[in-house]
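Here are my notes on the structure you sent round, set out as numbered points. Please read them with the coordinates open beside you.

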Amino acid sequence: MKKKRLIPVLLLRNGWLVQSKQFRRYQNLGNPVSAVKRLSEWASDELIYLDISRDDTYDLRRDDLGHPNRHSLFEIIEDVSKVAFMPITVGGGIRTLQDIEKRLALGADKISLNTIAVEEHKLVELAAREFGSQCIVVSIDVKMTEDGYRVVTRGTTQVTTFSPQDWAKKVEQLGAGEILLNSVDRDGMKNGYDLELLDQVAGGIGIPVIACGGVGDWEHLAEALEQTGVDAVAAANIFHYSDQSVYLAKKFLFERGLNVRRPDLLAI
Amino acid sequence: MSSVCILDYGSGNVKSVFNIFSTVADHVVVSNEPEKILGASHIVLPGVGAFGTAMRKIRDTLPMESLEQAVLIEKRPFLGICVGMQVMASRSMEFGEHAGLGWIEGSVEKLDAKGLPLPHVGWNNVMCKQESPLLAGLGDAPDFYFVHSFAFHAENPQHVLATTEYGEVFCSVIQQENLYGVQFHPEKSQRTGIKLVKNFLSLS
């Protein structure tokens, strides 16, 4: 039987690994290259790297961990694919089919589109046709407004007219293979996923939904898998605090009887 | 000492396959040169994408005579991955009928997923049907990472080493003498993938 997945998300901003709170405040966690190994634990089913830099200039000021060079997403993809041997999704700053091709050639298995998908629907369609639906993820950021849930883009600055359900159906039609669904309001708040949002979106489409935003303890991961139709649970901030965090999360889900891969430290 | 030749015919996942074999084998090359193929102890055919395209590229870029010498006559261990497994079949029905290499009797047909989304993407377990050195030490139902919409229907059930269920039950590991094929991606299957690669390299 196909398994539900647990996916750490790594956020990169101007060359550094960061934590995010509601897409507005960022805390620097340091060098992304040295974090790679720790977060590429075998209990992860996949990894998602999102580059959320606002411009192309990488921050060179901090050099506290002995890596003198800035860390581009490309270096990171190459490094990770040499040691991780698991599916890797890469997002951020993708504008063209060539951008996608470059990331796949470096070792990414899937790419994630966000703002560009809303602004240029055609790119999703062309990308799915060129590279296959299985490698096209559309990332959807959602915020609660006076009119209900709305899809937001450009790092939450643009509020679109799309409801998340309608946009999810649209991207499925365009050929996307998966949806990464982020709640902006829950991001970094540690009060759990927005289960209503997850349920609404996952219930209306046939392609898998990856839940993201709000995980404060392992119980939240289990809630989403038990109470909504999502295919995967993702989180970023929570995995940075302790050793073997992904393994402990996976063990919790496995021992709860959920349909996940057996956590690897137990298996071999 | 194992020396591995990963066949180079423009398949997209060569880099990941090279990375995983490099962690286990002493000597790994990605090549389509006859000397490299004939000089290898183990031969690997990676593959992603459509069957017809893969077959055309294989016929256009690989030295078939040397490959068949190494694989069919000298019987060196051969591993086909994903589409690399499928092309060993007699034929495929993906985007019209295409002839395969015809090394193992059978046809490649669209998965009957019974309403589940296709492609079949994700971690799924492999149910071992027969004892095999390729699957040794992996337990009865190890999880591997899959990405595919078509599957190998073997003419001879004796050739099916393991099956997986996604709507229908399909052949996920095939073997005929020195020819092995896996529908999943060991290069994306973490430690179970590494174990399978080690097992393959222990074949002689």
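1. The model is predicted, and its overall scores are an ipTM of 0.87 and a pTM of 0.91. For chain B, on which most of these points rest, the average pLDDT is 95, and 100% of the residues score at least 70.

2. I would begin with strand β4 of chain B, which covers residues 78-81. Are the two faces of this strand covered or open? Both are covered, since B:Phe78 and B:Gly80 on one side are buried, and B:Leu79 and B:Ile81 on the other side are buried as well.

3. On the pairing of β4(B), one partner is strand β3 of chain B, made of residues 42-45, and these two strands run parallel with 3 bridges between them. Within this pair, B:Ile43 has B:Phe78 of β4(B) as its bridge partner, and B:Phe78 is also one of the buried residues noted above.

4. Strand β14 of chain B, residues 179-182, also pairs with β4(B), again in the parallel sense, and here 4 bridges join the two. The positions that face each other include B:Gly80, which stands opposite B:Gly181 of β14(B), and B:Ile81, which stands opposite B:Val182 of β14(B).

5. Which residues of β14(B) point one way, and which the other way? B:Leu179 and B:Gly181 point one way, whereas B:Tyr180 and B:Val182 point the other way, and all of them are buried. The pair B:Gly80 and B:Gly181 therefore joins two buried positions, given that a residue counts as buried when 20 or more other C-beta atoms lie within 10 Å of its own.

6. β14(B) has a further pairing, with strand β13 of chain B (residues 168-176), and this one is antiparallel, with 4 bridges. In this arrangement B:Gln176 stands opposite B:Leu179 of β14(B). The two strands form a hairpin with 2 residues between them, and in the turn B:Glu177 has a positive phi of about 50°, a backbone angle that can be checked directly in the model.

7. Finally, a few summary values for chain A. Its secondary structure comes to 10 helices and 12 strands, and 50% of its 268 residues count as buried. When contacts in chain A between residues at least 6 apart in sequence are considered, 66% of them join residues at least 24 apart.

Terms used
Residues numbered from 1 in each chain as written. Chains lettered and ligands numbered in written order. Predicted model: local features only at pLDDT ≥ 70, side-chain atom pairs only at ≥ 80, totals over all residues. Buried ≥ 20, exposed ≤ 12 C-beta atoms within 10 Å, placed from the backbone. Pairing = 2+ DSSP bridges. pLDDT = per-residue confidence, 0-100. Contact = placed C-beta atoms within 7 Å.
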